[in-house]
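Colleague: Please take a close look at one part of this model and describe how it is put together. I would also like to know what lies around it, with the cut-offs behind each term.

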Amino acid sequence: MKPVGLISMGGYIPAKAVPNKKQKQLVNFLQSETLLHSAYINEIEEYGHLPGTVETNYDGWESQPWFSNWLKNLPPHKQHDPFQGTKERRRVPFDPVSTRESVTPHPMLSSDAETLAGALALFNGGITPNDIDLVLCNSLVPDCNAPLNASLVQHKLGLKNAGAYSVDTCCASFITMLEIAAGLVRSGIHKKVLVVASALDSHINDKSTYYSVDTGDAAVAGVVSQVEEGYGYQASHSTSHGNRHAAITFQLRRPELLTPTSHGPTYEQVFVTFNDQDLCKEIAVNAQRDLVEVVSRTLAKAHCSLTNIDFLVTHQPVAWTAHAWREALNVPPEKFYESFERYGNIGCCSAAMNFLEALEKQLIAEGDIVVMASSGIGENHIALLERVAPKLVRSVSG
């Protein structure tokens with residue numbers, strides 16, 4: 001069977017600096033190869049960072065006139081630590097078209113964030129758009145409910161030879177797409193698959209809730225193709241607990257802190273909602289066991305043990321979860337990377353972004369055996385074992 005795995009990655013973290021040596025070439029690539037709006041490209045060219053801002057606790061909450069009321073309405077056990085381990089999170093800019101044409105502009109479209117992440121993956125790996133023959137896409141907040149974003153991302157990236165379809169296991173989706181892409185390339189059905197995901201919380205964040213401080217914006221992408229013998233995808237395993245499906249949902253509702261008037265707007269929109277507290281508690285109680293199960297079964301498929309693991313990256317739903325998973329798997333802190341304090345929960349991008357940043361910081365090296373694991377509301381769990389290919393290391397370091 002063909003050895004396949006990740007050969008390149010790219011991550012869109014708003015306001016992240018672009019290395020000076022890459023800045024001009026990246027701008028040229030985005031201008032010539034993509035349909036990304038010029039306003040986003042101009043921010044990279046003029047300021048040397050990816051479009052967007054850093055939102056601190058002070059910016060988003062403490063400086064607001066409603067902050068004292070928000071604090072008073074928190075659950076009592078959260079009032080002493082209202083920000084729950086987060087110090088900042090990233091926010092995408094407003095969409096330039098809606099800013100000019102609408103009295104209520106909206107944040108950057110998810111398809112644009114996905115286009116930027118996908119372009120970074122192609123650019124970093126020196127991969128031409130015509131080489132991609134399939135796009136797998138997941139959007140926490142798609143541009144519209146139907147059709148979803150996959151074909152739009154294919155169009156905005158100019159991938160003329162690629163098909164496109166969407167995959168959804170919520171926050172576990174990026175790893176799920178890696179599993180699917182590996183199978184498609186190993187079988188010979190496809191040669192180079194672009195996997196791209198976004199979590200633009202700015203569209204659905206009700207700042208008046210206690211959990212609104214935990215979530216931020218990001219997009220991430222990777223290219224799966226044939227790799228050197230012995231490297232790449234080794235095994236994966238997933239489980240699902242559909243009885244917890246109603247725990248956390250998207251609901252059309254008003255903000256929790258609202259003083260309405262009889263003649264004014266209701267401010268109703270779709271927000272993330274902790275819908276069933278009993279099921280949410282069930283998820284928390286079983287969090288360690290569920291993730292240990294998928295990791296253990298993945299390792300068994302690869303005839304591997306935890307002692308063989310060089311590094312672990314996971315989802316980071318709330319401050320305690322990632323370290324609870326690490327401890328349950330008996331992985332030492334030096335073999336683990338998380339970014340919750342800076343980014344918060346970035347949904348389907350969390351595990352992948354932690355993997356990418358660990359590569360950038362040279363915490364992961366060529367040949368290392370890495371476990372990527374995630375939960376996802378629904379309730380889904382998946383783990384994937386990857387032996388890091390030389391091509392991937394070169395794409396990140398270059």
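Strands and their surroundings

Modeller: Strand β4 (residues 134-139) and strand β6 (residues 193-200) run parallel and are joined by six bridges. Within this pairing, Ser139 stands opposite Ser198 in β6. The model is predicted, so local features need pLDDT of at least 70 and side-chain atom pairs count only at pLDDT 80 or more, while totals for chains, interfaces and linings use all residues. Residues are numbered from 1 along each chain as its sequence is written, and side-chain values use heavy atoms, with hydrogens and water left out. Helices (H or I, at least four residues) and strands (E, at least two) are DSSP runs, numbered from the N terminus. Two strands count as paired if DSSP finds at least two bridges between them.

The β4 and β6 strands belong to an open sheet of five strands in the order β1-β7-β6-β4-β5, with mixed pairing. At its edges are β1 and β5 (163-166), each of which pairs on one side only. From one strand to the next, the twist averages 20°. Helix α13 packs on this sheet, where α13 touches β1 and β7, and its direction makes about 20° with that of β1. Such angles run from 0 to 180 degrees between N-to-C directions, and the axes are lines fitted to C-alpha atoms, for helices over the stretch in contact. Contact here means heavy atoms within 4.5 Å.

Helix α13 also takes part in a salt bridge, between the side chains of Arg394 and Glu228 (3.9 Å, N to O). This pair links distant parts of the chain, since Arg394 is in α13 (residues 390-397) and Glu228 is in the loop between β7 (217-226) and β8 (232-240), 166 residues apart. A salt bridge is a side-chain nitrogen of Lys or Arg within 4 Å of a carboxyl oxygen of Asp or Glu. Glu228 is partly exposed, at a relative accessible area of 25%. The classes are buried for under 20% relative accessible area, exposed for over 50%, and partly exposed in between (1.4 Å probe, protein chains only).

Strand β8, at the far end of that loop, leads to another sheet. This one is open too, with four strands in the order β8-β13-β12-β11 and mixed pairing. Its edge strands are β8 and β11 (311-314), each pairing on one side only. Direction ignored, neighbouring strands here are turned by 15° against each other on average. β11 pairs with strand β12 (residues 369-376) in the parallel sense over four bridges, and Thr314 has Ala373 of β12 as its bridge partner.

Two helices lie across this sheet. α8 crosses β8, β12 and β13 (380-387), running at about 50° to β13. α12 lies across β11 and β12, at about 140° to β11.

Helix α12 is also tied to another part of the chain by charge. The side chains of Glu357 and Lys16 form a salt bridge (3.6 Å, N to O). Glu357 is in α12 (residues 350-360) and Lys16 is in the loop between β1 (4-12) and α1 (20-33), so the two distant parts are 341 residues apart. Glu357 counts as buried, with 3% relative accessibility, whereas Lys16 is partly exposed at 23%. In total the structure holds 19 salt bridges.

The nonpolar packing involves the same helices. A nonpolar core is a set of buried Ala, Val, Leu, Ile, Met, Phe, Trp, Tyr and Cys residues joined through side-chain atoms within 4.5 Å. The largest such core has 46 residues, and Met9, Phe174, Val195 and Phe355 have the most contacts inside it. Its largest share, eight residues, comes from helix α8 (residues 173-187). Phe355, leaving aside neighbours within four places in sequence, is in contact with Leu6, Met9, Val313, Ile364, Val370, Met372, Val388 and Leu392. A second core, separate from this one, has 40 residues, including Ile44, Met108, Leu116 and Tyr231.

Ile44 is one of the buried residues of helix α2 (residues 38-47), together with Tyr40, Ile41 and Glu43. These residues are on the same side of α2 because they cover an arc of only 150° around its axis, the arc being that of the directions from the helix axis to the C-beta atoms. They pack against α1, α5 (96-101) and α6 (110-125). After α2 comes Gly48, whose phi is positive, near 75°.
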